[in-house]
Amino acid sequence: MSLIDNKGRIFGLINIIDLLVILLIIAVVGRFGTKAHQKSAGAVTKNIEVVLHVKEVRDATANVVKVGDVVKETKTNAVLGKVTNVEVEPSETLVETADGRVVVYPNPVYKDMLITLTGSGSAGDNAIVLGSNEIRVGTSLQLKTNLYSVTSTVMSINVQ
């Protein structure tokens, strides 16, 4: 019995093209399996507390943000976490006085909010991931619930 018979089968069992397709499938599955294993090996799931700054929202928006809200990221719809604290202050506006000085004056219309958010994410050597978003101080996040949607900036991150 020869290695390849007259029908192109190895040892008379399997066609060479079929064998190459099977080997290709095994290689692709193996590659994705090792890539997923490498991703999960470097990061550990932890509780992450993030303070977010939301600038210049109206009273209507500031009044609906409540402790206990489950917040999602707008683009990916991934859950970021639960609101644990909300601080609302008047926005500050620069106003020029009659004598030419520029002073900081509380804005009568807009409010600034500091939202503290606690969620489960991964913290590794290279990145902190909350939901499906890499976050860093200064990162812009778009938050939403069923009642509101706001754009925020990450002010601080505490990995617990």
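In the predicted model, Thr116 lies in strand β6, which spans residues 102-123. The relative accessible area of Thr116 is 11%, and this residue is therefore classed as buried, the threshold for that class being under 20%. When neighbours within four places in sequence are set aside, the contacts of Thr116 comprise Glu49, Val50, Val51, Lys82, Val83, Thr84 and Asn85.

Strand β6 also contributes a residue to the charged pairs of the model. Side chains of opposite charge can pair when their charged atoms come close. Three salt bridges are counted under the criterion applied. In one of them, the side chain of Lys111 meets that of Asp59, with an N to O distance of 3.9 Å. This pair connects distant parts of the chain, since Lys111 belongs to strand β6 whereas Asp59 belongs to helix α2 (residues 59-64), the two being 52 residues apart. Lys111 is buried, at a relative accessible area of 18%, while Asp59 is partly exposed, at 37%.

A further salt bridge joins the side chains of Arg101 and Asp99, with an N to O distance of 3.0 Å. Here Arg101 is partly exposed, with a relative accessible area of 48%, and Asp99 is exposed, with a value of 55%; the assignment of Asp99 follows because exposed denotes a relative accessible area over 50%.

Glu134 and Arg136 likewise form a salt bridge, in which the closest N and O atoms are 2.9 Å apart. Glu134 is partly exposed at 45% relative accessibility, and Arg136 is partly exposed with a relative accessible area of 41%.

Terms used. Residues are numbered from 1 along each chain as its sequence is written. This is a predicted model: local features need pLDDT of at least 70, side-chain atom pairs count only at pLDDT 80 or more; totals for chains, interfaces and linings use all residues. Side-chain values use heavy atoms; hydrogens and water are left out. Helices (H or I, at least four residues) and strands (E, at least two) are DSSP runs, numbered from the N terminus. Buried means under 20% relative accessible area, exposed over 50%, partly exposed in between (1.4 Å probe, protein chains only). Contact means heavy atoms within 4.5 Å. A salt bridge is a side-chain nitrogen of Lys or Arg within 4 Å of a carboxyl oxygen of Asp or Glu.
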